Amino acid sequence: MALSTRPRLRLVAAAAATLVALGACGSDNGAGAGAGSSGSATSQSSSEASGTTGSTADADFPDVIAVELRDDGDTYSLDVTMSSEYDSPERYADGWRVLDPDGNELGTMELAHDHAGEQPFTRSQSGLVIPDGVETITVEGHDLENGYGGATVEVDVPS
């Protein structure tokens, strides 16, 4: 196996482990999501999952590897799992943005510190307004130094 494929394999393994852990634990807020009330998607790499783009092969950007979207009535909540190879107090994945299919920004999340001891990591955002008629959203990570980029995840909006 070529040495350059090992970081990608670690990312795939980390994504799989995260999915198993998230599935076993349920949601953090203790409220179960009923059938049809949540949408979720994951990204293994830009070449292995449709609807994803980018890669941290050169470690310029964090990768969004999983998103769970829940309908809270008038707004939505999402759990975003991200991974970055370089996370440190000097440089880290410091947030994400949510885009509609036309590239319009629907919301952002800012993270105030690194997650070097927790890779990949999952954080939540609530109060997201998704306009009627938007059927999918895309979540894209943000890097403290380089801005937006890396693998993205597209998820269906629950109806």
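How many of the 8 residues of strand E3 (residues 76–83) are buried? In this predicted model, the count is 8 of the 8, so strand E3 is largely enclosed by the rest of the structure. The points below describe the two faces of E3, its pairing with strands E2 and E6, and the surroundings of threonine 136.

**The two faces of strand E3**
- Tyr76, Leu78, Val80 and Met82 point one way from E3, and all are buried.
- Ser77, Asp79, Thr81 and Ser83 point the other way from E3, and these residues are likewise buried.

**Pairing of E3 with E2**
- Strand E2 (residues 63–71) runs antiparallel to E3, and 8 bridges join the two strands.
- Within this pairing, alanine 66 has threonine 81 of E3 as its bridge partner.
- The hairpin of E2 and E3 has 4 residues between the strands, and in this hairpin glycine 73 takes a positive phi near 105°.

**Pairing of E3 with E6**
- Strand E6 (residues 121–128) is also antiparallel to E3, to which it is joined by 6 bridges.
- Methionine 82 has phenylalanine 121 in E6 as its bridge partner, and Met82 is among the buried residues of E3.

**Threonine 136 in strand E7**
- Threonine 136 belongs to strand E7, which covers residues 136–143.
- Threonine 136 has a relative accessible area of 17%, which is under 20%, and therefore counts as buried.
- Leaving aside residues up to four places away in sequence, threonine 136 touches Leu99, Asp100 and Pro101, together with Glu154, Val155, Asp156 and Val157.

Methods:
Residues are numbered from 1 along each chain as its sequence is written. This is a predicted model: local features need pLDDT of at least 70, side-chain atom pairs count only at pLDDT 80 or more; totals for chains, interfaces and linings use all residues. Side-chain values use heavy atoms; hydrogens and water are left out. Buried means under 20% relative accessible area, exposed over 50%, partly exposed in between (1.4 Å probe, protein chains only). Contact means heavy atoms within 4.5 Å. Two strands pair if DSSP finds at least two bridges between them.
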